[in-house]
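Work through the following exercises with the sequence and the coordinates at hand. Each task is followed by a solution that proceeds step by step.

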Amino acid sequence: MQLVAEHIDIGTRSPTVLLNESDAAELGVHALERVQLRRGGRTTIGIVELTDELVSEGTLGVTRRLDHLEGAVEVSVAPQPDSVYYIRKKLDDIELEADELSRIVRDIYEERLADVELGAYVSATYTNGLSLEETMHLTESMADAGETIAWEEPVIADKHSIGGVAGNRVTPILVPIVAAAGLKIPKTSSRAVTSAAGTADTMEVLCDVEFSVPEIRDIVGETGGCLVWGGAVNLSPVDDRIIRAETPLSIDPKGQLIASVLSKKKSAGSTNVVVDIPYGEGAKVESLAEARELAEDFNRVGDHLGMAVECAITNGAAPVGRGVGPVLEAREVLATLAGGGPNDLRMKAIRLADLLFESTGVDADAAEILDSGQAEETFREILAAQNGDPDVEAADLSPGRHTVAVRAARDGVVTHINNRLVNEVARRAGAPRDPGAGLELHRRVGEMAASGETLFTVHAESEDKLADAKALTERVETVRVRHPDEALVDRV
């Protein structure tokens, strides 16, 4: 059938085409099936959506992904990709072969899967898991899809946290420590998915974070490190598309998590990686046994890929630092590099940097580099290279002016701060989209609080978002305060 292609914007990321229901009936295709589009010797696949209003008979509506099509187009029924059958196998809990996983990754990369099919893949890996062999094959395939960066240096350092801990802004402190020691550390980071701020969100308060691969090479060549948004470069792009499908479900299957992290590191040219695995109540990983099992799998997959992976199992039962949200976290990064800042943030950055030094065989002391001011100097060089203000101070950064204080309802000791709820309150306040939104903790676990004393302050850039965050704090117990006698669970 020949149809006339016209551009139409329906806000979809997939290569969708809109067919009038009469034309679809004549072709014999249904919604979410595929059609083959031929024009000028070029063949493209589109995923079908049906309408009887948006496009008329004889017209093919093409979205942004297919906007190279214009005018007369030959349209025919396309076969279903093999990857759909492999996804169905995984739903039936059948282990997939390397070539089957490779085909799924390739079809995700080429955007041949509908959103519902990608959602089915994510559900299958969440429900039935991935074996170690599947995880290895998946990681390789994801790393091979998209760009890769090759470096002349034999050792390229990197660090990653699996996330889930509010305020865990270790990376902007660790990167300049490591770079100041003479190691190359081209750090690509993510934006927040479910947290109040990703490293890229925090760094964007201070400088630009979107750069091309050649620009990243120049920044690293000049300063030894960078702190950029990974989504701006085409490194393991399949990972970004899978994360998009995982986010609405708030799931992060273990095998997919490992493949996500290590495929990004492999494609970035990293040779030595430290992976931070926080565990505890409210973290992604709740038990020490689960954290150790995850660490062992990270190590095995890293070995398979030829990378030295060192896992640090850390305390993730409470937020790190006191500020949560892009501006509040950026202030603590600057304060820590200047010799102050929260002690838990400082110590965690030092310990993870020392692990990288040990892994790479570099004779350096992270605490000495931080205390000497070398790390701060290198950080400011990175800011300048990334078009930021190298003279910025913590006092120059102001959080949202609309605030509400959440107070203790009784005298007692802080026994728990819920990471998930801290992030949710900050996001309701507008973080990370509104950089000044977030919350500031005034009491930490183990500290005493008197009735009426402020436990934390919520910041927002708009009154409406502040009201939304305030309403949530009134329904949930973000910071748990108990009388000292209640802290005694049992006596043996």
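Helices (H or I, at least four residues) and strands (E, at least two) are DSSP runs, numbered from the N terminus. The model is predicted, so local features need pLDDT of at least 70 and side-chain atom pairs count only at pLDDT 80 or more, while totals for chains, interfaces and linings use all residues. Residues are numbered from 1 along each chain as its sequence is written, and side-chain values use heavy atoms, with hydrogens and water left out.

**Exercise 1. A salt bridge inside a helix**

Task: determine where Glu 424 and Arg 428 lie with respect to one another, and classify the accessibility of each.

Solution. Begin with the criterion: a salt bridge is a side-chain nitrogen of Lys or Arg within 4 Å of a carboxyl oxygen of Asp or Glu. Glu 424 and Arg 428 form such a bridge, with their closest N and O atoms 2.9 Å apart. Next, place the pair in the secondary structure: both residues belong to helix α16 (residues 419-428), and because they are four residues apart there, about one helical turn separates them. For accessibility, the classes are buried (under 20% relative accessible area), exposed (over 50%) and partly exposed (in between), using a 1.4 Å probe and protein chains only. Glu 424, at 28% relative accessibility, is partly exposed, and Arg 428, at 24%, is partly exposed.

**Exercise 2. Salt bridges between elements**

Task: which parts of the chain are tied together by the pair Lys 264 and Asp 240, and which by the pair Arg 331 and Glu 440?

Solution. As general background, side chains of opposite charge can pair when their charged atoms come close. The rule gives a count of 31 salt bridges. In one of these pairs, the closest N and O atoms of Lys 264 and Asp 240 are 3.2 Å apart. Since Lys 264 lies in helix α10 (residues 254-267) and Asp 240 in helix α9 (residues 237-246), the pair ties together parts that are 24 residues apart in sequence. The accessibility classes of the two partners are buried for Lys 264, at 13%, and partly exposed for Asp 240, at 27%.

Turn now to the salt bridge between Arg 331 and Glu 440, whose closest N and O atoms are 4.0 Å apart. Here helix α12 (residues 326-337) holds Arg 331 and strand β15 (residues 438-441) holds Glu 440, so the pair ties together parts that are 109 residues apart in sequence. Arg 331 is partly exposed at 23% relative accessibility, and Glu 440 is partly exposed at 25%.

**Exercise 3. Backbone geometry**

Task: identify what is notable in the backbone at Leu 32, at Glu 111 and at the peptide bond from Ala 431 to Pro 432.

Solution. The reference is that most residues other than glycine have a negative phi, and most peptide bonds are trans. Leu 32, although not a glycine, has a positive phi of about 75 degrees; the residue lies in the loop between α1 (21-27) and β3 (34-39) and is partly exposed at 33% relative accessibility. Glu 111 likewise has a positive phi, near 55 degrees, and sits in the loop between α3 (98-109) and α4 (115-128), where Glu 111 counts as buried at 15% relative accessibility. Finally, the peptide bond from Ala 431 to Pro 432 is cis, with omega near -5 degrees, and Pro 432 is found in the loop between α16 and β15.

**Exercise 4. A negative surface patch**

Task: which helix gives the most to the negative patch?

Solution. Patches are made of residues with over 30% relative accessible area and no salt bridge, like charges being joined within 9 Å and nonpolar side chains (Val, Leu, Ile, Met, Phe, Trp, Tyr) within 5 Å. The negative patch consists of Glu 215, Asp 218, Glu 222, Glu 377 and Glu 381. Both α8 (213-223) and α15 (374-385) supply at least two residues each, and Glu 377 is found in helix α15. The answer is α8, which gives the most with three residues.

**Exercise 5. An annotated region**

Task: describe the secondary structure content of residues 413-480 and the separation of the end C-alpha atoms.

Solution. The unreviewed UniProt entry places the feature "domain: Pyrimidine nucleoside phosphorylase C-terminal" at residues 413-480; such annotations may be inferred rather than shown by experiment. Over this range the chain is 34% helix and 29% strand, and the end C-alpha atoms are 8 Å apart.

Note on methods:
Areas by Shrake-Rupley, 256 points an atom, 1.4 Å probe, with all protein chains shown as cover. Lys, Arg positive; Asp, Glu negative; His and termini not counted. Charge placed at Lys NZ, Arg CZ, Asp CG, Glu CD.
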